[in-house]
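Here are my notes for someone opening this one for the first time. I start with the DNA and then move on to how the two chains meet.

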2 protein chains.
Amino acid sequence: MARAAGVSQATVSYVLNDNPNARVSEQTRERVREAAARLGYVPDASARTLRTGRSGLVLVPLAPARTGRLFQDFLDRFGDELGRHGFTLVQYGERHLKGVPAAKSWAALRPAAVLVDVTRLTKAAVDLLTSSGTRVVIGLADKPSPLVPVVVLDHEAVGACAARHLLGGGRSRLGAVVPREEGIDLMGEARLRGVRQVAPGAERIDLAFSEEEAARVAARADLPEGIFAYNDEYAMLLISALQDAGVRVPDDVAVVGADDLPIATLMRPRLTSVHFDPTATPGELAALLEEIVRGEREAGPGAVVDLYRPRIVVRDSA
Amino acid sequence: MARAAGVSQATVSYVLNDNPNARVSEQTRERVREAAARLGYVPDASARTLRTGRSGLVLVPLAPARTGRLFQDFLDRFGDELGRHGFTLVQYGERHLKGVPAAKSWAALRPAAVLVDVTRLTKAAVDLLTSSGTRVVIGLADKPSPLVPVVVLDHEAVGACAARHLLGGGRSRLGAVVPREEGIDLMGEARLRGVRQVAPGAERIDLAFSEEEAARVAARADLPEGIFAYNDEYAMLLISALQDAGVRVPDDVAVVGADDLPIATLMRPRLTSVHFDPTATPGELAALLEEIVRGEREAGPGAVVDLYRPRIVVRDSA
DNA sequence: TTGTATGCGTTATCAT
DNA sequence: ATGATAACGCATACAA
């Protein structure tokens with residue numbers, strides 16, 4: 001490319017990167033740009049990565065389909081914002097590439113940052129990443145971590161929020177659904193803990209997403225007076241089963257969902273749900289991340305960014 | 001790394017890549033592996049990319065949250081399978097990085113393959129990619145393309161499938177919902193075309209996802225006898241509005257959704273929906289892609305892989 | 001069976 | 001104000 005423009009490689013680099021401490025005449029700049037356009041020249045990201053020791057990739061090793069709509073929306077916009085800062089968000093599910101530990105396949109890409117569930121992080125993994133150029137490893141968790149700074153989605157607060165509303169409505173015997181579904185069961189347990197912070201005796205109701213299971217629960221004689229159903233989908237499942245069993249909602253049993261899905265208002269009774277108000281915008285996070293990667297800012301273990309604040313949206317089901 | 005193992009770089013490369021035309025003693029192999037483990041050595045993907053001219057990345061430039069659950073599930077498993085073949089699926093939303101054409105930012109990563117909506121492809125973009133090392137550009141479309149091989153999700157077939165069922169049930173005046181929602185409006189129009197293939201006079205019903213809009217439609221005096229509501233969520237919205245307006249479903253108006261979501265069976269009446277049977281598995285596609293990238297197979301414009309076959313699941317709403 | 005040498009495209013440093 | 005050069009880590013042709 002350089003030879004084609006009649007200038008040196010260095011000059012090309014200066015021009016195309018708008019390098020501020022390079023002094024290049026406007027005439028030369030034009031010649032370089034012309035040649036680049038003519039040749040369809042595109043800078044090679046891998047060469048830059050090799051040279052600088054760090055890629056522009058921000059890794060998010062999560063199974064997209066399993067993270068839920070809320071976090072998926074967040075990632076979507078976060079990726080947009082990162083793009084504006086020159087990064088590329090890379091989302092991919094877990095692999096067991098010939099038994100290679102996940103952290104190694106992450107490190108191979110020399111990512112600028114990694115955002116991953118803390119349950120999948122070990123000290124060794126963090127060390128491997130940081131020693132191979134990654135500037136910051138951010139955990140995804142529901143509480144602070146001694147290992148890394150975290151982005152928090154506080155599931156206990158969600159359960160507590162729902163439970164407070166149910167108690168406030170005069171229901172004293174509570175229950176909380178814990179989905180029997182891989183990938184979200186842990187979140188279910190966290191939300192249950194939150195319910196129990198407010199209503200210590202709350203019952204755990206394990207439930208798979210099937211009408212048979214829901215019918216079995218609905219047929220019980222000793223149903224709690226109020227149930228936090230984990231999310232809106234499980235709430236719909238449960239309400240549907242309760243109605244089929246002749247149990248009145250909310251008269252006999254109050255039900256609260258979470259996520260405040262658009263379809264929540266379409267149910268009859270309309271679904272009372274825990275809504276998530278964003279507290280940190282993707283744009284702010286992207287800007288923060290850029291500062292950290294550029295070394296203008298430190299972020300150690302213990303640091304916390306809260307993503308959402310739960311808020312109850314009262315409709316008819318509770 | 002090489003010096004630490006007491007061997008040459010070349011030997012390290014041979015051993016770690018299981019290079020078949022290199023003959024290395026088992027003893028040396030062991031020494032290399034031991035040193036790699038001891039040092040926490042991780043090969044640098046960017047160096048490999050620079051050397052070979054092509055990365056292991058498979059780019060899917062789509063806004064994840066907007067592609068729908070079905071395709072998201074597909075991508076999720078496709079990514080897993082690609083991982084087994086040594087590729088990394090990279091999903092990211094559209095950027096407008098300082099006005100740089102999208103194809104340039106794709107080409108910068110020297111991806112092995114790109115899978116993208118054909119509406120975002122031009123001849124120039126395809127040429128740029130192929131000339132910079134990308135082995136195959138695959139379009140995502142609802143019909144064959146003269147530009148690239150495509151993966152098909154035939155929306156017209158979906159509409160036709162729903163319309164056939166409605167006609168077969170004795171409904172002759174049909175309507176089809178076209179969502180007024182960026183990103184899915186084009187799919188809505190394709191599904192409408194499919195309905196009209198079977199029922200030429202079918203009415204187009206534009207609808208935004210809001211209860212007010214749906215109520216307005218439901219209040220009409222001249223409702224069609226059968227409506228294909230685009231998908232299950234719009235079907236739920238519409239049915240809810242119809243019921244509020246005193247219109248009986250399916251007696252007065254039959255409604256068909258699509259996607260066959262788990263919650264479809266929770267509605268009352270239970271939702272009749274177009275289900276998607278996978279015809280090509282992610283595993284097959286990943287294997288196919290690997291063959292193409294390795295040059296063992298050609299894939300030119302016109303080639304088509306059909307992803308799903310639509311099938312009606314009859315319940316109570318139509 | 002193993003080592004040596006070369007070059008991929010970029011950027012930092014130093015020379016002109 | 002611009003050019004020359006080295007080095008990043010890896011894969012590969014070729015020498016030993």
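1. Start at DNA strand C. This is a predicted model, and in it 22 residues sit around the strand, with A:Q9, A:S13, B:R23, B:S25 and B:T28 coming nearest. Both protein chains appear in that short list.

2. Which part of the strand faces the protein, sugar and phosphate or bases? Counting the strand's atoms within 4 Å of the protein, 58% belong to sugar or phosphate, and the rest belong to bases.

3. Three side chains are worth clicking on here. A:S13 has a polar side-chain atom 2.7 Å from a phosphate oxygen of DNA strand C. For A:N17, a side-chain N or O atom lies 2.9 Å from a phosphate oxygen of the strand. On the other chain, B:T28 places a side-chain N or O atom 2.4 Å from a phosphate oxygen.

4. As for the elements involved, α2 (9–16) and α4 of chain A, along with α2 (9–16) and α4 (45–52) of chain B, each supply at least two residues of the surface near DNA strand C. The biggest giver is α2(A), with four residues. Sorted by class, that surface has nine nonpolar, eight polar and five charged residues.

5. Now turn to the protein–protein side. Here 50 residues of chain A are in contact with 51 residues of chain B. Together the two chains bury about 4100 Å², and 58% of that is on carbon and sulfur atoms.

6. How many salt bridges are there between chain A and chain B? The count is six. One to look at joins the side chains of A:R110 and B:D44, at 3.6 Å from N to O. Polar contacts across the interface come to twelve residue pairs.

7. On chain A's side of this interface, the elements giving two or more residues are α4 (45–52), α5 (68–84), β2 (88–91), α6 (102–107) and α11 (232–244). The largest share, eight residues, comes from α5(A). By class, chain A's side divides into 24 nonpolar, eleven polar and 15 charged residues.

8. Finally, try superposing the chains. A turn of 179 degrees and a shift of 0.1 Å along the axis lay chain A on chain B with an RMSD of 0.3 Å, which means the two are related by a two-fold axis. In chain A, A:S46 has the C-alpha nearest that axis, 2.4 Å away. Both copies use the same surface, as 98% of the contact residues of chain A recur in chain B.

Conventions. Residues are numbered from 1 along each chain as its sequence is written. Chains are lettered from A and ligands numbered from 1 in the order in which they are written. This is a predicted model: local features need pLDDT of at least 70, side-chain atom pairs count only at pLDDT 80 or more; totals for chains, interfaces and linings use all residues. Side-chain values use heavy atoms; hydrogens and water are left out. Contact means heavy atoms within 4.5 Å. Buried area is the accessible area (1.4 Å probe) that two parts lose on being put together, summed over both. A salt bridge is a side-chain nitrogen of Lys or Arg within 4 Å of a carboxyl oxygen of Asp or Glu. A polar contact is a pair of N or O atoms within 3.5 Å; within protein, one must be able to donate a hydrogen and the other to accept it, and residues adjacent in sequence count only if both atoms are side-chain atoms. Ala, Val, Leu, Ile, Met, Phe, Trp, Tyr, Cys and Pro count as nonpolar, Asp, Glu, Lys and Arg as charged, and the others, Gly among them, as polar. Copies are superposed by least squares on the C-alpha atoms of residues with pLDDT of at least 70 in both. A residue is near a molecule or strand if one of its heavy atoms lies within 4 Å of it.
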